[in-house]
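Let's walk through this structure together, one piece at a time. Have the sequence and the 3D view open side by side as you read.

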Amino acid sequence: MQHRIIVLGAGYTGAVAAGRLARRLRREDVALTLVNAEPDFVERVRMHQLAVGQELRPRPFREMFAGTGVELRQATVTGVDADRRTVTVTDAAGTTGELPYDTLVYALGSRWDTHGVPGAAEHAHEIASRPGALRLRERLAGLAAGEPVVVVGGGLTGLEAATEIAESRPDLDVSLVARGDLGDWLSPRGRRHLRKVFDGLGITVHERTPVTAVAAGHVTTDGGGTLPAAVTLWTTGFAVHPIAKATTLESTGTGQIVVDGTMRSVSHPEVYAIGDAAMVEGPGGKPLRMSCASGVPTAWQAADAIAARLTGGKLPTTAPRYFNQCISLGRREGLIQYVTADDRSVRAALTGRLAARYKELVCKGAAWGVANPTLGLPTRRRPVLPGPATPAGAPAATPEATPDAPVDTAA
């Protein structure tokens, strides 16, 4: 009987994990199913580009996974029963069904987080999803010259969105509102370049200014002041998909699944969680932040661990680490901030057009890795051993290194 592996979610992490498993395991031994609500891969790190009217290359999953042995199931995940080992899904026609699994890879990712700020959900836009980016695109296209656009949030997504909008629509009055100082986590060189670009694009920056409410035509800031906003874009962070929190899987207060060093659930050993959905400790015990840079290495780790446990191979134990933060500042400017393994900025930073090209190559490389799940290399599929996989708590074999790689961090 085939070992049933189900991967939930086909963002960067889920798609990479499915492709890597297909490359590691024999088709006659496993039934590998990838469940996703949309038929195409979404380059989440480019949603700010989509929002300003740029066209993105379509990447249908059926073309990407053709010939790999991965079965695609277009449906929305509505529930997970971790004790019965089943997943409930609903397809586009409204038909609901259950999918049983032997091994589950949970990669449902995250969505925008309003942090409970009054009016944000009703009046603000988001670019954490393709539908959100398309709604913002339509709204921006209808704005007249001089109308105000307020970007709330001074993180990577906020920086990229504000500069992309200001560059593509120089006729608009674009401002960014941040709780702290502009780019306060960057190196001095990085902060100087960021301010130079913002000044050149005419973006007004409101620093140390928390937003306390959002209305149809303005935002209210801490202290009672208001800023006019024909459009408010909310980019203050991400919240994980709520399904895991509703299961018996051990999770954190934020809903992330608690995993060990191989991305295996500490409460249900047949479940692996990757990307934004997982609480993963990085170098120094510091939790990894939600990003593509964190997610892709966890997908590698989980896929290799699953394959190792099923085939009797060596377990990977190399912890994910960071190399840089890649920030696009429009199409002509960029900032590559080099960081320590635990994501603290160092003095070195790459700026300007070269940094913009670097970021573009990283984005293309990440998408190519998803679109070519076997990486264009010969596969070495190994047979699955008879009997159950290694039980939870069993001693690991000699560690096998899993390569680290710098991946885009703007998501």
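**A small sheet, then the whole chain**

A good place to begin is an open sheet of three strands, ordered β12-β13-β14 and paired in antiparallel fashion. At its edges stand β12 and β14 (226–228), each with a single partner strand, so one side of each is left without a neighbour in the sheet. On average, neighbouring strands here are turned by 25° against each other, direction ignored. The axes behind that angle are lines fitted to C-alpha atoms (for helices, over the stretch in contact), and angles run from 0 to 180 degrees between N-to-C directions. Between β12 and strand β13 (residues 218–221), which run antiparallel, there are three bridges. Ala213, for instance, sits opposite Thr220 in β13. Two strands are said to pair if DSSP finds at least two bridges between them, and helices (H or I, at least four residues) and strands (E, at least two) are DSSP runs, numbered from the N terminus.

Before going further, a word on what you are looking at. This is a predicted model, in which local features need pLDDT of at least 70 and side-chain atom pairs count only at pLDDT 80 or more, while totals for chains, interfaces and linings use all residues. Residues are numbered from 1 along each chain as its sequence is written, and side-chain values use heavy atoms, with hydrogens and water left out.

Now zoom out. The chain contains nine helices and 22 strands. Its C-alpha atoms fill a box of roughly 65 × 50 × 40 Å, taken along the principal axes. For 411 residues, a compact globule would have a radius of gyration near 22 Å, and the chain agrees with its 22 Å. That radius is taken over C-alpha atoms, and the globule rule is 2.2 Å times the number of residues to the power 0.38. Of the 411 residues, 54% count as buried; buried means under 20% relative accessible area, exposed means over 50%, and partly exposed is in between (1.4 Å probe, protein chains only). Among contacts (heavy atoms within 4.5 Å) between residues at least 6 apart in sequence, 66% join residues at least 24 apart.

Where do the nonpolar side chains gather? The largest nonpolar core has 70 residues, and those with the most contacts inside it are Leu8, Leu21, Phe65, Val77, Val80 and Tyr106. Helix α8 (residues 292–311) gives the largest share of this core, twelve residues. Apart from it lies another core, of 34 residues, including Ala133, Leu140, Ala162 and Leu329. A nonpolar core is a set of buried Ala, Val, Leu, Ile, Met, Phe, Trp, Tyr and Cys residues joined through side-chain atoms within 4.5 Å.

Val77 makes a good foothold in the largest core. Leaving aside neighbours within four places in sequence, Val77 is in contact with Leu8, Val35, Val87, Thr88, Val89, Leu108 and Ile243. Follow that list to Leu108, which is found in the loop between β7 (103–106) and β8. Leu108 counts as buried because its relative accessibility is 18%. With the same neighbours set aside, those within four places, Leu108 is in contact with Leu8, Gly9, Val77, His241 and Ile243.

Two helices are worth a closer look. Helix α1 (residues 12–24) has 13 residues and reaches 18 Å from its first C-alpha to its last, close to the 18 Å expected at 1.5 Å a residue; the expected span is 1.5 Å times one less than the number of residues. Twelve of its 13 residues are buried, so α1 is largely enclosed by the rest of the structure. Its buried residues pack against β1 (3–8), β2 (30–36), β3 (70–74), β7, α8 and α9 (352–371). Helix α6 (residues 156–168) should also span 18 Å with its 13 residues, and its end C-alpha atoms are indeed 18 Å apart. Here, too, twelve of the 13 residues are buried, among them Leu156, Ala162 and Glu167.

Strand β15 (residues 231–234) is covered on both faces, with Val231 and Leu233 buried on one side and Thr232 and Trp234 buried on the other. Four bridges join β15 to strand β9 (residues 148–152), and the two run parallel. Within that pairing, Thr232 is the bridge partner of Val150.

Finally, look at two loop residues. His115, in the loop between β8 (110–112) and α4 (120–123), has a positive phi of about 55° although it is not a glycine. Arg208 also has a positive phi, of about 50°, without being a glycine. Arg208 lies in the loop between β11 (204–206) and β12 (211–214), and counts as exposed because its relative accessibility is 56%.
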